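Reader: Could you take me through this model feature by feature, giving the idea behind each reading before the case itself?

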Amino acid sequence: MTDDLRASATTHEPLLSVQHLQKIYPTPGGPIEAVRDLTFELRSGEFACLVGPSGSGKTTLLKCISGLMAPTSGTVTLDGKLVDGPPRKMALVFQEYGRSLYPWLRVDGNVELPLRAAGIPKAERQERVAEALDAVGLAHVPHSYPWQLSGGMQQRVAIARAVAYRPEVLLMDEPFAAVDAQTRADLEDLVRSVWKRLGLTVLFVTHDIDESVYLAERVIMLSSSPTIVQEDLRIDLPEERDQLETRSLPRFVELRHHVYEQIQKAKRGFNADAA
Amino acid sequence: MRILKTIAAVLTLPILLIVLWWIATIDSTNPFVPRPGRLVEDFVTVWLGPLLVEQVLPSLARLGIGLGSAIVAGIALGVLIGSNRIVSKILGPVLEFIRAVPPPVLLPVLMMLMGIGDGPKVFLIALGCVWPILLNTVDGVRSVDGVLSDTTRTYAIHGWDRLRFFVLPAALPRIMTGIRLALPISIILMVVSEMYAISGGGLGSQIIYFQRTFQNGPMWAGILVLGLLGVVMALLFRWIERWMLAWYYGQREAEYSDR
């Protein structure tokens with residue numbers, strides 16, 4: 001497995017590289033170290049999940065990667081360029097779908113706005129909007145307002161907006177934490193199909209262990225705060241995933257078990273340095 | 001049926017008050033006390049004639065231009081102050097000072113500086129109306145949602161696009177509140193400025209003229225015109241607000257029905 005990784009590392013430069021990232025928040029009660037020392041790389045086309053116990057600085061990490069927040073030390077590079085503000089080639093899907101869509105714009109307007117700001121001609125914009133809405137199964141509601149839709153559908157709009165933007169890296173911050181289980185399963189399959197179809201690189205943050213194993217090709221486990229990478233695990237499940245079949249594979253259960261144990265260890269304060 | 005009920009609820013008290021007023025003044029011979037019948041008569045004969053064009057329209061024009069300038073200036077300044085801490089710190093104290101001066105007090109000074117024409121009146125209306133709009137715009141711009149703001153940044157929506165598609169719509173509910181508060185101020189300042197500077201004509205100066213020439217009926221009818229103007233403006237504004245903020249009320253309703 002290590003040979004395999006090394007081989008591919010030489011053929012592909014990493015698309016996204018996080019090196020010794022540290023984030024300390026100054027607070028009135030003294031500085032709080034949310035992220036201590038994080039290093040990992042994503043190759044183009046990878047689907048990786050970041051899992052960690054709650055409060056493990058996942059959102060902080062994602063904000064640093066997306067250029068919304070400057071790290072205290074360490075670097076994030078995308079395509080060899082240092083990230084010091086939101087890069088053009090990245091799109092971010094938030095957990096709070098209700099607050100990430102513009103309530104005064106209709107569904108198609110929401111998807112179109114980033115393209116409009118990027119100066120893309122109208123005809124192409126319309127084409128890309130229609131395509132993206134079709135890809136997420138929302139071709140029938142382009143003229144609804146987001147608040148007229150269910151939570152799951154609103155998150156689909158957010159995903160369509162990200163897809164239409166054609167990013168190289170799609171960051172998702174616990175995107176399905178606030179939707180019901182049924183919708184969640186549908187959205188998981190949707191994200192995987194979009195990932196495959198468009199050849200995106202996806203970094204998906206979640207606290208749900210099952211979800212991370214089901215979705216990703218690779219699971220990066222974080223320790224509890226101050227955060228470091230606890231383990232970087234390849235998910236060697238068949239590429240075709242199915243909510244019922246994949247989840248009942250013995251290998252799925254094993255992997256799930258393993259990730260679960262690691263997260264439990266992290267919660268108890270196990271530290272990879274100390275071990 | 002529901003509409004009938006609403007209309008009944010709105011009209012019951014006014015009708016009752018008018019009936020009471022009518023009964024109370026039925027034997028009155030005091031020329032200073034208005035009576036409902038006479039009032040309506042004076043309103044129709046005096047105000048719905050040439051006076052409407054000669055005196056009411058100029059007043060409305062001043063009010064419109066003054067209020068319009070206040071809206072434009074209030075929103076522009078409000079966006080600037082609301083989105084820039086440094087500008088806010090520099091302008092803040094000066095604005096607080098100007099705001100503390102009651103606008104009518106400035107009228108004599110304004111007339112000396114700008115003459116006795118429409119200029120000082122329009123300026124006074126704008127000056128008085130700008131504060132609620134400005135302050136509400138500042139608050140609206142400062143309280144934009146953090147997630148939506150991050151979304152706007154990650155999708156590289158900057159400058160004019162950011163203003164037009166994010167900041168202004170997000171602040172619009174507050175801006176509309178500011179304008180609603182400015183409406184009565186605009187009427188008050190219109191009348192006060194016209195009463196002070198009679199030569200230019202207008203509703204206020206006409207009312208003063210009737211009062212000084214002991215034409216009490218037409219004077220009272222003029223006050224009725226002002227009242228009606230206030231009601232019409234409020235209704236018109238509510239209609240515009242409902243239309244411009246349809247998304248806001250729709251979203252609020254959707255949130256309530258979720259619970």
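Reader: In which sense, parallel or antiparallel, do S6(A) and strand S7 of chain A pair, and over how many bridges?

Author: Pairing is read from the bridges between two strands. In this predicted model, S6(A) and strand S7 (residues 169-173) of chain A pair in the parallel sense, and four bridges link them. Within that pairing, A:Leu92 has A:Leu171 of S7(A) as its bridge partner. The residues of strand S6 (residues 90-93) point to two sides, with A:Met90 and A:Leu92 directed one way and A:Ala91 and A:Val93 the other, and all of them are buried.

Reader: What is the order of the strands in the open sheet of chain A?

Author: The order follows from tracing which strand pairs with which. Here 10 strands form an open sheet with mixed pairing, and the order in chain A is S5-S4-S1-S2-S10-S9-S3-S8-S7-S6. Strand S5 (81-82) and S6 of chain A stand at the edges, and because each has a single partner strand, one side of each lacks a neighbour in the sheet. Elsewhere in the sheet, strand S1 (residues 14-25) and strand S2 (residues 32-43) of chain A run antiparallel and are joined by eight bridges, with A:Pro14 standing opposite A:Arg43 in S2(A). Helix H2 (residues 58-65) of chain A packs on this sheet, where the strands touched include S1, S2 and S7 of chain A, and the direction of the helix makes about 125° with that of S1(A).

Reader: Which residues have the most contacts inside the largest nonpolar core?

Author: A core is read by following contacts among buried nonpolar residues. The largest one has 120 residues, and A:Ala160 and A:Val219 are those with the most contacts inside it. Leaving aside residues up to four places away in sequence, A:Val219 touches A:Cys49, A:Val51, A:Ser212, A:Val213, A:Leu233, A:Ile235 and A:Val259.

Reader: Turning to chain B, why does B:Phe43 count as partly exposed?

Author: Burial is a matter of counting neighbours. B:Phe43 has 18 C-beta neighbours inside 10 Å, and therefore counts as partly exposed, since a buried residue would need 20 or more. B:Phe43 lies in helix H2 (residues 36-47) of chain B and, residues up to four places away in sequence not being counted, touches B:Leu48, B:Ala221 and B:Leu224. Although B:Phe43 and B:Gly217 are 174 residues apart in sequence, their C-alpha atoms are 8.5 Å apart in space.

Reader: What covers the buried residues of H9(B)?

Author: For a helix, one begins with the direction of its residues. An α-helix has 3.6 residues a turn, so residues three or four places apart point the same way. In helix H9 (residues 203-212) of chain B, the buried residues are B:Leu203, B:Gly204, B:Ser205, B:Gln206, B:Ile207 and B:Phe210. Their cover includes helix H3 (50-82), helix H8 (159-196) and helix H10 (216-244) of chain B. Just after H9(B), B:Phe214 has a positive phi of about 55°.

Reader: How many residues does each chain bring to the contact between chain A and chain B?

Author: One can describe an interface by the residues that each side supplies. Chain A brings 23 residues and chain B 17 residues. On the side of chain A, S6, helix H3 (97-100) and H4 each supply at least two residues, and H4(A) gives the most, with four residues. By class, that side has 16 nonpolar, three polar and four charged residues.

Reader: Where in chain A is confidence lowest, and where highest?

Author: Confidence is best read along the chain as well as overall. The mean pLDDT of chain A is 85, and 93% of its residues reach 70 or more. Confidence is lowest in helix H1 (residues 2-11) of chain A, at a mean of 45, and highest in helix H4 (residues 107-117) of chain A, at 93. Over residues 1-11 of chain A the pLDDT is below 50, and this stretch has two contacts in the model beyond near neighbours in sequence.

Terms used
Residues are numbered from 1 along each chain as its sequence is written. Chains are lettered from A and ligands numbered from 1 in the order in which they are written. This is a predicted model: local features need pLDDT of at least 70, side-chain atom pairs count only at pLDDT 80 or more; totals for chains, interfaces and linings use all residues. pLDDT is the predictor's confidence in each residue, from 0 to 100. Two residues are in contact if their C-beta atoms, placed from the backbone, lie within 7 Å. A nonpolar core is a set of buried Ala, Val, Leu, Ile, Met, Phe, Trp, Tyr and Cys residues joined through C-beta atoms within 7 Å. A residue is buried if 20 or more other C-beta atoms lie within 10 Å of its own, exposed if 12 or fewer, and partly exposed in between; C-beta atoms are placed from the backbone. Two strands pair if DSSP finds at least two bridges between them. Axes are lines fitted to C-alpha atoms, for helices over the stretch in contact, and angles run from 0 to 180 degrees between N-to-C directions. Ala, Val, Leu, Ile, Met, Phe, Trp, Tyr, Cys and Pro count as nonpolar, Asp, Glu, Lys and Arg as charged, and the others, Gly among them, as polar.
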